[in-house]
Amino acid sequence: MPGDQGPQRRGPTIYDVARECGVAPSTVSRAFSRPGRVNAETAARIRAVAETMGYRANPLARALPTGHTSLLALIVSDVTNPFFFEIIRGAEQAAAAAGYTVLVSDVQESAQAERQALDRVVPLVEGVVLATSRMSDSTIRVMAKQRPTVVLNRVLTEVPSVVTDNSRGMRRAVEHLGELGHHTVVYAAGPEASWADGMRWRSMREAGYELELKVRRLGRFEPTVRGGLDAAHALAKAPATAVICYNDLVAIGLMRGLSSMGARVPAEVSVVGFDNIFGSDFCSPPLTTVAAPLRALGSHAVRALLRELGHTTPHAVRATVLPAQLVVRGSTAKPGRRRHAWTRPVADADAAGPGAPRPGSAPAAPPAAARGTPVPHG
């Protein structure tokens, strides 16, 4: 009949090979998984027949009884966030060099989805890397008892972790803004469940105290461009000349929102991001940001996990801290004369929604972008 493609073609099975060789299926299985337990002549004949028939042993099925699957899981909170691009690449390169393959699972900023994903992948993998996990500390510890686990961007007792030096990176950002002449710095906060968010806010408060600058926190925003637009809407109600954002996506959204209101970046508001993601230098003006060694985070996490797989006895667990650096671009400058027009029509903006243009305002042309200049930690 037209459209009837007939029965689906099936590849040869272990039973087909066993029938052709005149042996039991278990003998065929041992010939591939434990060749030392099968007569050498029989094993050679089984392999020759399997090759002729086009049979390929299922490596996962072979590995499940022993637990050696050569698979690692990398759980990321949002695979569409460029923050994870280099982390995934670094993890895959380190895994491949050791003969492993990485399974990436996107849990969309949800602790519940993260737990569900782990329930599915744990039986298949030898170890797990949790990148920016939104689960509680106790849940992660329970997970670590099931499979060797490494946590990325979070420090947790009893579980190996790899983090960026958030404290030093934040201090350099605050110092930079203070040196430019800003007296008040706002922090556009990220998700409540983010360990890094808490560390960055605490470090910012300490730096502000030591440098005699006023600091305050603004909201909690999604770690997305949309979250940055919401942050711009909130900043219009309580303006400041300098803002440090939870991440680069929030910073980019903030600059978009400010521009749509008619605020000039950096002439009226200086903006600093975090992470130095791909594209942070494409926006206008290019973003000043605290650069995290993203690819190194991924590779260090996998190497730490492989070390865990090799340990058979309890050992000391320490966090690996990787350096960060401030990359100065065009989104920060000395505070200039602030025009108040963009901060006034808040009621109209509330009705129009975050990021909507203010009546009578026109975005000003951004200043010429400064070339990115890394500022290493001292």
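Hi everyone. Let me start inside the protein: the lining of the largest cavity is made up of 5 nonpolar, 5 polar and 4 charged residues. Please keep in mind that this is a predicted model, and that everything I show is computed from it.

Staying with that cavity for a moment, its volume is about 110 Å³. The structure holds 2 cavities of 30 Å³ or more, and I will talk about the largest. Which residues lie nearest its centre? They are F83, T132, Y246, N247 and D275, out of 14 lining residues. Two helices each give at least two residues to this lining, namely α5, residues 83-97, and α9, residues 195-211. Both of those helices will come back when we get to packing.

One of the central lining residues deserves a second look. T132 has a positive phi of about 50°, and it is not a glycine. As a reminder, most residues other than glycine have a negative phi, and most peptide bonds are trans. Where does T132 sit? You will find T132 in the loop between β3, residues 127-131, and α7, residues 137-146.

That brings me to the peptide bonds. V265 and P266 are joined by a cis peptide bond, with omega at about 10°. P266 belongs to the loop between α11 and β9, and β9 covers 270-275. There is also a cis bond between S284 and P285, where omega is about -5°. On the chain, P285 falls in the loop between β9 and β10, the strand at 288-291.

Now to the helices. Two packed helices are described by the angle between their axes and the distance between the axes, so I will give you both for each pair.

First up is α5, with F83 from the cavity lining on its contact face with α12. The axes of α5 and α12, residues 294-310, come within 6 Å and cross at roughly 40°. That angle makes α5 oblique to α12. The crossing of α5 past α12 is right-handed. On the α5 side, the contact uses F83, E86, I87, R89, G90, A91, Q93, A94 and A95, while α12 brings L294, R295, L297, G298, S299, V302, R303 and L306. Sorted by class, that contact has 9 nonpolar, 4 polar and 4 charged residues.

Next is the other cavity helix, α9, and its partner α8, residues 166-180. Their axes are 8 Å apart and the packing angle is about 45°, which makes α8 oblique to α9. The α8 and α9 crossing is right-handed. From α8 we have N166, S167, M170, R171, V174 and E175, and these meet W195, A196, M199, R200, S203, M204, A207, G208, E210 and L211 of α9. The class count for this contact is 8 nonpolar, 4 polar and 4 charged.

Last, let us turn to α10, residues 225-237, and α11, residues 248-261. Their axes come within 6 Å and cross at roughly 50°, and that makes α10 oblique to α11. Which hand does the crossing of α10 and α11 have? α10 passes α11 in a right-handed way. The residues in contact are V225, G228, L229, A231, A232, H233, L235 and A236 from α10, together with L249, V250, G253, L254, R256, G257, L258 and M261 from α11. Here the split is 11 nonpolar, 4 polar and 1 charged.

If you open the model after this, I would begin at T132: its phi is positive, and T132 is among the residues nearest the centre of the largest cavity. Thanks for listening, and I am happy to take questions.

How values were computed:
Residues are numbered from 1 along each chain as its sequence is written. This is a predicted model: local features need pLDDT of at least 70, side-chain atom pairs count only at pLDDT 80 or more; totals for chains, interfaces and linings use all residues. Side-chain values use heavy atoms; hydrogens and water are left out. Axes are lines fitted to C-alpha atoms, for helices over the stretch in contact, and angles run from 0 to 180 degrees between N-to-C directions. Helices (H or I, at least four residues) and strands (E, at least two) are DSSP runs, numbered from the N terminus. Angles under 35 degrees count as roughly parallel, over 145 as roughly antiparallel, 65 to 115 as roughly perpendicular and the rest as oblique. A crossing is left-handed if the near helix is turned anticlockwise from the far one by less than a right angle, and right-handed if clockwise. Contact means heavy atoms within 4.5 Å. Ala, Val, Leu, Ile, Met, Phe, Trp, Tyr, Cys and Pro count as nonpolar, Asp, Glu, Lys and Arg as charged, and the others, Gly among them, as polar. On a 1 Å grid over the protein atoms alone, a cavity is a set of points where a 1.4 Å probe fits but cannot get out, and a pocket is an open set with protein on both sides within 12 Å along at least five of seven lines; lining residues have an atom within 4 Å of a point. Grid points are joined across faces, edges and corners, and a volume is the space filled by probe spheres set on the points.
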